[in-house]
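Here is a short briefing for a first look. Keep the sequence and the 3D view open as you read.

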Amino acid sequence: MNSAWAKVLNDVRKIRKRLGCSHSAALFRGHNDSSWPLLPSLHRRVEGLRVEENLYYGFLMRGSRHLNRLNSSWMILTEMQHHGIPTRLLDWTEVFAVALYFALYPKHDKPCIWVMNPFRLTAASVGERIVFTLGLDEIPDYQQAHLQQRQWPYDLPVAIEAPWVHDRLQAQKGWFTVHGNDPRPIDESCKKYVQKVELPTEAIPGALEFLD
């Protein structure tokens with residue numbers, strides 16, 4: 001095995017242990033450029049939060065005939081994310097290789113993998129080591145909390161697990177984090193629960209072989 005790639009894998013193991021998820025679920029996210037912050041697409045836009053309501057209701061109006069199977073505003077939001085519309089969701093995966101793929105393709109500059117403990121992340125906001133499962137756990141309704149009453153109770157991001165209703169989400173073994181009232185990237189607001197592993201140039205051949 002490529003020694004540089006072996007070091008990356010060893011670093012991931014060490015980080016999982018440090019984050020408290022060496023024997024429990026860790027979530028991963030791949031970035032083509034390690035300088036990119038952990039920030040949802042809605043928050044990366046200058047006018048993002050101001051147009052959030054327009055994006056949501058516009059999607060409802062134009063795509064309503066395709067949304068009959070979706071039974072909550074949260075599921076509609078995941079569908080928006082799936083179609084590339086800016087949301088306050090950030091994509092994660094439970095599979096390391098999926099994150100690695102997104103770090104390397106279609107092209108990369110300074111790729112990296114983010115590792116997160118979703119249970120500790122959510123506990124920082126709600127005081128309980130959980131991940132919200134849509135349809136099972138009680139979580140404030142997105143439409144009411146963010147668009148109507150504007151009283152979302154959590155400042156920091158929380159992790160959610162959504163039913164894999166479309167093929168892409170299932171293929172990517174996707175999870176999400178939901179940004180709260182604090183606009184900072186997760187790597188600033190929740191430093192204790194995430195850590196980055198950079199992929200040096202000499203590790204790329206081993207990483208590509210790993211994916212093959």
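The points below cover a strand and its partners, a set of aromatic rings, and two helices. This is a predicted model.

**Strand E3 and its partners**

- Strand E3 spans residues 112–116 and is mostly covered, with five of its five residues buried.
- In a regular strand, side chains alternate between the two faces of the sheet.
- Both faces of E3 are covered. Cys112, Trp114 and Met116 are buried on one side, and Ile113 and Val115 are buried on the other.
- E3 pairs with strand E1 (residues 27–31) in the antiparallel sense, over five bridges.
- E3 is also joined to strand E7 (residues 194–198) by five bridges, again antiparallel.
- Met116 is a good residue to pick out here. Its bridge partner in E1 is Leu27, and its bridge partner in E7 is Val194.

**Aromatic rings**

- The structure holds twelve aromatic pairs.
- Tyr56 and Tyr57 form one edge-to-face pair, because their ring planes stand at 80° and the cut-off for that class is over 60 degrees. The ring centres are 5.2 Å apart.
- Are these two residues buried or exposed? Tyr56 is buried, because its relative accessible area is 1% and buried means under 20%. Tyr57 has a relative accessible area of 27%, so it counts as partly exposed.
- Ring pairs also build a cluster. Its members are Tyr56, Tyr57, Trp74, Phe132, Tyr142, Trp152 and Tyr154.

**Helix H7 and Ala145**

- Helix H7 covers residues 142–148, and Ala145 lies in it.
- Ala145 is buried, with a relative accessible area of 5%.
- Which residues does Ala145 touch, leaving aside neighbours within four places in sequence? Ala145 is in contact with Pro140, Arg150, Gln151 and Trp152.
- Trp152 therefore appears twice in this briefing: as a contact of Ala145 and as a member of the ring cluster.

**Helix H5 and its packing**

- Helix H5 runs over residues 96–104. Its buried residues are Phe96, Val98, Ala99, Leu100, Ala103 and Leu104.
- An α-helix has 3.6 residues a turn, so residues three or four places apart point the same way.
- What do the buried residues of H5 pack against? Among the helices, they pack against H1 (3–19), H8 (167–171) and H10 (204–211). Among the strands, they pack against E1, E2 (89–93) and E3.
- E1 and E3, which pair with each other, both meet the buried residues of H5.

How values were computed. Residues numbered from 1 in each chain as written. Predicted model: local features only at pLDDT ≥ 70, side-chain atom pairs only at ≥ 80, totals over all residues. Heavy atoms only, no water. Buried < 20%, exposed > 50% of the residue type's maximum accessible area, 1.4 Å probe, protein only. Helix = DSSP H or I, 4+ residues; strand = E, 2+ residues; numbered from the N terminus. Pairing = 2+ DSSP bridges. Phe/Tyr/Trp six-rings, centres within 6.5 Å; stacked < 30°, edge-to-face > 60°. Contact = heavy atoms within 4.5 Å.
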